[in-house]
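Here is a short tour of one strand and one side chain. Please have your viewer ready.

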Amino acid sequence: MPPLAGSDPLPVAVAAKRGALEGLVVAAQRRVADGVYDNAPEGRKHGSFVAAVTARSPGIIAELKPRSPSEGPLLRMDAMAYADEVVAGGADALSILTDADYFGGSLSNLAQASRLAPCLMKDFIVAEPQLDAAERAGAAAVLLIERILGPERRAELLRAAQDRGLEVLLEVHGAREATSVQGCRADLVGVNARDLNTFRVDRAGADVALRTLAREGPVALLSGVRDRRDVQEATAAGAQAVLVGTTLLRSRLPRLAARSLRRPLAKVCGLRTVADVEVARGADLVGFVLSDRSPRAAASEELPRLVAAARAAGLATVLVSDLDDTPRILQAARSATPDIVQLHHAAASARGALQEAGFAVFLAVEPDQALPEGVDGFVFDSIAAGGSGRTHDWTATRARLEGLRGTLSLVAGGLDAKNAADALAASGASGADASSRLETAPGRKDEAAVRAFIAAVQGASA
């Protein structure tokens, strides 16, 4: 595509016939001409973007993108609440869409988010007023897209950005563009696996480009990342950082989803007292059981206090129930306000009412059970009723997770510190869930066993 910056804007209808990317550029030209970037709100730059995303491998860049032309609405919560969550989940930096026409972005989001973490202003940058807006709104870096600009205009805007103290993330697509930008002065080069004209993703081609660029300096993968396996594959291809959008944006639990990109999540279930909560400090999730049959059930009146204690300790909270009693589960959830409600066996009928009430729902399923759509996470257990203390075929779980990439998942059933890493490696799950094997007697947690399990899960390389 020939460079468009500085040319007369094309009519949108004409641009649309030439490809999606040209339409995006025409809209950006029009925003510049209309003065959209002239009165950017004031933000506060939060250090170096490049240093933040290359300080540890892999660096995680979480994207704030309210919608996209190919996937429609994405963001499921307030924009700044989302930004807070992903930063708390370990994101090293934020990519903030400021294209309002196609992506629902805003300079206001950039200015607010710039106070939380180093931010990339992600837009279709074709002119210097956009760079002025980025500087004022607190961006640490800006995105330049090679396919839009070409060598000459890219060099001009790269120099203009760096003169303003902005770092430049230069985006390329495919091996040819990767080769053409070698030796440029961009602070970081990123490979977009998605073709912006067709929106198709080519991860194999992206890996070739990553390997080419990694020989020269730091490089990031900018699309196609759904889970920890994708992160590991990108790192193996040479990426020092990855940008993650849809997986985090669509999650009701972006903090946990962000954390799971780097390491497995540890869930300790069946806590009955505040002392148990202290024993499980350091886990990612803790579960409190609402049941008439389990020896691990907590007293219903204690659930709000237990949830509050866990939340104060920085733990995500899960109300776990096997009751065939939707009103009772809903009442307990509204009283205790857990982050997640996990439903086993007959309790699955409460799913619709809980989601309608705004709760994230995990569903416990057996190895061969059908997987419904629209669930926030799954617990793959030996039996859907849970609590069996028996393992199952973890490799079968891996096969089933292929269709759930990007959805949080836990493997459960007979787990402890000795077999948790094996279960994670075989299943490919986001994390591991244990209860009965961490006890000295039913309902009595063993501190040493709990702590060993947490360490084994979080230290696993799966």
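What follows covers a central topic, strand S4, and then the residue Gln130.

This is a predicted model, in which local features need pLDDT of at least 70 and side-chain atom pairs count only at pLDDT 80 or more, while totals for chains, interfaces and linings use all residues. Residues are numbered from 1 along each chain as its sequence is written, and side-chain values use heavy atoms, leaving out hydrogens and water.

**Strand S4**

Strand S4 spans residues 93-97, and five of its five residues are buried (under 20% relative accessible area, 1.4 Å probe, protein chains only). Strands here are DSSP runs of E with at least two residues, and helices are runs of H or I with at least four, numbered from the N terminus. In a regular strand, side chains alternate between the two faces of the sheet. On one side of S4 sit Ala93, Ser95 and Leu97, with Leu94 and Ile96 on the other, and both faces are covered.

S4 pairs with two strands (pairing takes at least two DSSP bridges), as listed here:

| Partner of S4 | Bridges and direction | Residues standing opposite |
|---|---|---|
| S1 (residues 59-64) | four, parallel | Ile61 and Ala93 |
| S5 (residues 119-122) | four, parallel | Leu120 and Ser95 |

**Gln130**

Gln130 belongs to helix H7, residues 128-136. Its relative accessible area is 0%, so Gln130 counts as buried. A polar atom of the Gln130 side chain lies 2.7 Å from the backbone nitrogen of Val126. Leaving aside residues up to four places away in sequence, Gln130 touches Ala28, Val32, Tyr37, Met121, Asp123, Phe124 and Ile125 (contact means heavy atoms within 4.5 Å).

Conventions: Buried < 20%, exposed > 50% of the residue type's maximum accessible area, 1.4 Å probe, protein only. Polar contact = N/O pair within 3.5 Å; in protein donor to acceptor, adjacent residues only side chain to side chain.
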